[in-house]
Amino acid sequence: MTNAETASLPAAENALDLKGKSLLVLSSASPSKRHLFQRLKALGLRVTLISPENSWATRCADAALTANTADQAEVFSKVEEYLKTTTLDGALTFWENAV
């Protein structure tokens with residue numbers, strides 16, 4: 001299945017209800033992963049991106065935090081500050097160096 005086909009799949013009627021849930025994505029992957037961000041949005045997730053700089057993925061996110069993802073203390077500090085005003089339901093990354 002191609003990236004475009006994956007992004008255009010309808011959300012399963014009886015799948016976990018993710019609509020309105022908030023997800024923290026650590027670091028933006030290469031543009032070849034755009035379909036993953038599109039799928040997250042199609043499932044109704046609110047995406048917060050934390051990455052070292054603005055990128056193509058920033059435009060796909062509902063919110064963006066800037067932090068050096070190689071600096072664990074900086075990432076935790078930014079997330080803790082963000083959590084004072086919002087909630088997150090989960091986190092994921094597509095880049096193992098971000099964790």
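**Exercise 1. Classify Lys84 in this predicted model: is it buried or exposed, and which residue is its salt-bridge partner?**

Step 1. Start with the surface. The relative accessibility of Lys84 is 63%. The cut-off for exposed is over 50%, so Lys84 counts as exposed.

Step 2. Now look for its partner. Lys84 forms a salt bridge with Glu81. The closest N and O atoms of Lys84 and Glu81 are 3.3 Å apart, and the limit for a salt bridge is 4 Å.

**Exercise 2. Work out how many salt bridges the model has, and find which residue pairs with Asp62.**

Step 1. The count is 2 salt bridges. One of them is the Lys84 and Glu81 pair from the exercise above.

Step 2. Asp62 pairs with Lys41, and their closest N and O atoms lie 2.5 Å apart.

Step 3. Place both residues along the chain. Asp62 sits in the loop between S2 and S3, while Lys41 belongs to helix H2. With these positions 21 residues apart, the pair links distant parts of the chain.

Step 4. Check the exposure of each partner. Asp62 has a relative accessible area of 48%, which makes it partly exposed. Lys41, at 30%, is partly exposed too.

**Exercise 3. Put the strands of the sheet in order, and say which strands lie at its edges.**

Step 1. Begin with the pairings of S2. Strand S1 (residues 22-26) is joined to S2 by 5 bridges, and the two run parallel. Strand S3 (residues 63-66) is joined to S2 by 4 bridges, again in parallel.

Step 2. Pick out some residues that face each other. Leu23 has Val47 in S2 as its bridge partner, and Leu24 stands opposite Thr48 in S2. On the S3 side, the bridge partner of Leu49 is Ala64.

Step 3. Assemble the whole sheet. Its 4 strands form an open sheet with parallel pairing, in the order S3-S2-S1-S4. The edge strands are S3 and S4 (90-93), each of which pairs on one side only.

Step 4. Add the twist. On average, neighbouring strands of this sheet are turned by 25 degrees against each other, direction ignored.

**Exercise 4. Find which helices pack on the sheet, and decide whether S2 is mostly covered or mostly open.**

Step 1. Helix H2 (residues 34-42) packs on the sheet and touches S1 and S2. The direction of helix H2 makes about 145 degrees with that of S2.

Step 2. Helix H3 (residues 72-82) also packs on the sheet, where it touches S1, S2 and S3. Its angle to the direction of S3 is about 140 degrees.

Step 3. Turn to S2 itself. Strand S2 (residues 46-51) is mostly covered, with 5 of its 6 residues buried.

**Exercise 5. Identify the aromatic pair in the model and explain why it is called edge-to-face.**

Step 1. There is 1 aromatic pair. Its members are Phe37 and Trp56, whose ring centres are 5.1 Å apart.

Step 2. The ring planes stand at 80 degrees, so the pair is edge-to-face; the cut-off for that class is over 60 degrees.

Step 3. Because Phe37 lies in helix H2 and Trp56 in the loop between S2 and S3, the pair ties together parts 19 residues apart in sequence.

Step 4. Finish with burial. Phe37 is buried at a relative accessible area of 1%, and Trp56 is buried at 10%.

Key
Residues numbered from 1 in each chain as written. Predicted model: local features only at pLDDT ≥ 70, side-chain atom pairs only at ≥ 80, totals over all residues. Heavy atoms only, no water. Buried < 20%, exposed > 50% of the residue type's maximum accessible area, 1.4 Å probe, protein only. Pairing = 2+ DSSP bridges. Axes fitted to C-alpha atoms, helices over the stretch in contact; angles between N-to-C directions. Contact = heavy atoms within 4.5 Å. Salt bridge = Lys/Arg side-chain N within 4 Å of Asp/Glu carboxyl O. Phe/Tyr/Trp six-rings, centres within 6.5 Å; stacked < 30°, edge-to-face > 60°.
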